[in-house]
Structure formats: C-alpha cells, structure tokens
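The exercises below are meant to be worked through with the sequence and the coordinates side by side. Each task is followed by a solution that proceeds step by step.

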Amino acid sequence: MSAPTHDTIRLTHHIDASVADVWEAYADSAARARWSVPAGEEMVYDQSEFREGGHDRYRCGPPETLDFHAETEYTRIVPNELVVYTETVKNEGLPLATGLVTWEFEPDDEGTLVTVTSQAVSFVGSGMIDGTRNGHTKALEQLSRHLADA
C-alpha cells in the first residue's frame, strides 16, 4: 500500500447570478446532478438529504457503468452562505479518496463569488488529487453555464 497523498485545493469562481439563484442550484440535488459532472459522465443520487447531519449517496462516472460510489455527510449548512461536508469516493468497495469540502457563497458587485476549498487525501496516489481539482473546477464552470442558460 502506498502512503496517502494530501492536498488542499482552493478555487474561486465568479457567477453572473444572485446568491439565491446559485444557492438554489446547489441545494437541489437533481440540478446538482446535471451541472456537477463532466460532459459525457452521469451522476445518480440514491439518497439525498441536504440538511445538517444529512447524507447523500450517489454513483457517478460513465453512464453505462457508474462505477464510482460516493458518500457525503453534511456537517454545516448556512443557507445562501456556506456548505461544509465530508465525502468519500470508492470504487469496487475500496476507498479512493476522502475530503473535507467547503463551499462559500458571497455576493459581489455583479453576482456571486463561490469559493470551494477541498482538503483531500487520496489513497491511490496523486491522480485522485488532480481529479478532485479538475472535478471542482469543471463543476464551478458548469454551474455558471447552468445558471446562464436558466
């Protein structure tokens, strides 16, 4: 077994929409399943409890296999301001990575500033850390497009 790989990823993205609209798109798991996965992939929620102490369980990846399984536990939710959760991603029952993730929503002059901070540990090397960074980057870009198209 290789040693765990750790990193803190911090991304900030401006979205041309109100905090209320950004929050609504985040809080709605059906909407989140549309904007948070890369093109050509899919996310299916088996359980969604967007509340403090709540749990989400979902599968994601190529639509024909959905071979990645994730479990999320919400630690803190402040509507229109903050979401903090832990998340573990597995494949074939083996943990790939665990993270402490914070989403912050802040009004700015032209919409909303969203900051995502992920303190991640990968059990399978640095590729999973790179994937986490890429996934959050794509999610922020796609959230912006999702709201622009609404």
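**Exercise 1.** Is Ser-118 buried or exposed, and what is its relative accessible area?

*Solution.* Bear in mind from the start that this is a predicted model. The relative accessible area computed for Ser-118 is 2%. Since buried means under 20% relative accessible area, Ser-118 is therefore buried. The next step is to place the residue, and Ser-118 turns out to belong to strand 7. Finally, list its surroundings: once neighbours within four places in sequence are left aside, Ser-118 is in contact with Asp-7, Thr-8, Ile-9, Leu-100, Val-101, Thr-132 and His-136.

**Exercise 2.** Determine the strand order of the open sheet, and explain why one side of strand 1 and of strand 2 is left without a neighbour in the sheet.

*Solution.* Begin with the order, which in this open sheet of seven strands reads 1-7-6-5-4-3-2, with antiparallel pairing. Strand 1 (5–15) and strand 2 stand at the edges and have a single partner strand each, so one side of each is left without a neighbour in the sheet. From one strand to the next, the twist averages 20°.

**Exercise 3.** Trace the pairing from strand 1 to strand 7 and on to strand 6, and give a bridge partner for each pair.

*Solution.* Strand 1 and strand 7 run antiparallel and are joined by eleven bridges, and within this pair His-13 has Val-114 of strand 7 as its bridge partner. Moving on, strand 6 and strand 7 are also antiparallel, with twelve bridges joining them, and here Leu-100 is matched with Gln-119 in strand 7. The connection between strand 6 and strand 7 is a hairpin that passes through two residues.

**Exercise 4.** Which residues take a positive phi in the hairpins on either side of strand 5, and how exposed are they?

*Solution.* Take first the hairpin of strand 4 and strand 5, which has three residues between the strands, and in whose turn Asn-80 has a positive phi of about 65°. Asn-80 lies in the loop between strand 4 and strand 5, and its relative accessibility is 32%, so the residue counts as partly exposed. The two strands of this hairpin pair in the antiparallel sense over ten bridges, and Phe-68 stands opposite Asn-91 in strand 5.

Turn next to the hairpin of strand 5 and strand 6, where two residues separate the strands and Glu-92 takes a positive phi near 55°. Glu-92 is a residue other than glycine, and it sits in the loop between strand 5 and strand 6. With a relative accessible area of 73%, Glu-92 is exposed, the cut-off for that class being over 50%. Strand 5 and strand 6 run antiparallel and are joined by ten bridges, in which the bridge partner of Lys-90 is Pro-95 in strand 6, while Val-84 stands opposite Thr-102 of strand 6.

**Exercise 5.** Describe how helix 1 and helix 3 lie across the strands, giving an angle for each.

*Solution.* Helix 1 (residues 19–27) lies across strand 1, strand 4, strand 5, strand 6 and strand 7, and runs at about 160° to strand 6. Helix 3, for its part, lies across strand 1, strand 5, strand 6 and strand 7, and its angle to strand 1 is about 10°.

**Exercise 6.** What is the volume of the largest pocket, and which elements supply its lining?

*Solution.* The volume of the largest pocket is about 780 Å³. Its lining consists of 33 residues, and those nearest the centre of the pocket are Tyr-58, Cys-60, Glu-87, Val-89 and Gly-135. To assign the lining to elements, look for those that supply at least two residues each: they are helix 2 (29–35), strand 2 (42–47), strand 3 (55–61), strand 4 (68–78), strand 5 (82–91), strand 6 (94–108), strand 7 (111–122) and helix 3 (126–149). Helix 3 gives the most, contributing seven residues to the lining of the largest pocket. As a last step, sort the lining residues by character, which yields 18 nonpolar, eleven polar and four charged.

Terms used:
Residues are numbered from 1 along each chain as its sequence is written. This is a predicted model: local features need pLDDT of at least 70, side-chain atom pairs count only at pLDDT 80 or more; totals for chains, interfaces and linings use all residues. Side-chain values use heavy atoms; hydrogens and water are left out. On a 1 Å grid over the protein atoms alone, a cavity is a set of points where a 1.4 Å probe fits but cannot get out, and a pocket is an open set with protein on both sides within 12 Å along at least five of seven lines; lining residues have an atom within 4 Å of a point. Grid points are joined across faces, edges and corners, and a volume is the space filled by probe spheres set on the points. Helices (H or I, at least four residues) and strands (E, at least two) are DSSP runs, numbered from the N terminus. Ala, Val, Leu, Ile, Met, Phe, Trp, Tyr, Cys and Pro count as nonpolar, Asp, Glu, Lys and Arg as charged, and the others, Gly among them, as polar. Two strands pair if DSSP finds at least two bridges between them. Axes are lines fitted to C-alpha atoms, for helices over the stretch in contact, and angles run from 0 to 180 degrees between N-to-C directions. Contact means heavy atoms within 4.5 Å. Buried means under 20% relative accessible area, exposed over 50%, partly exposed in between (1.4 Å probe, protein chains only).
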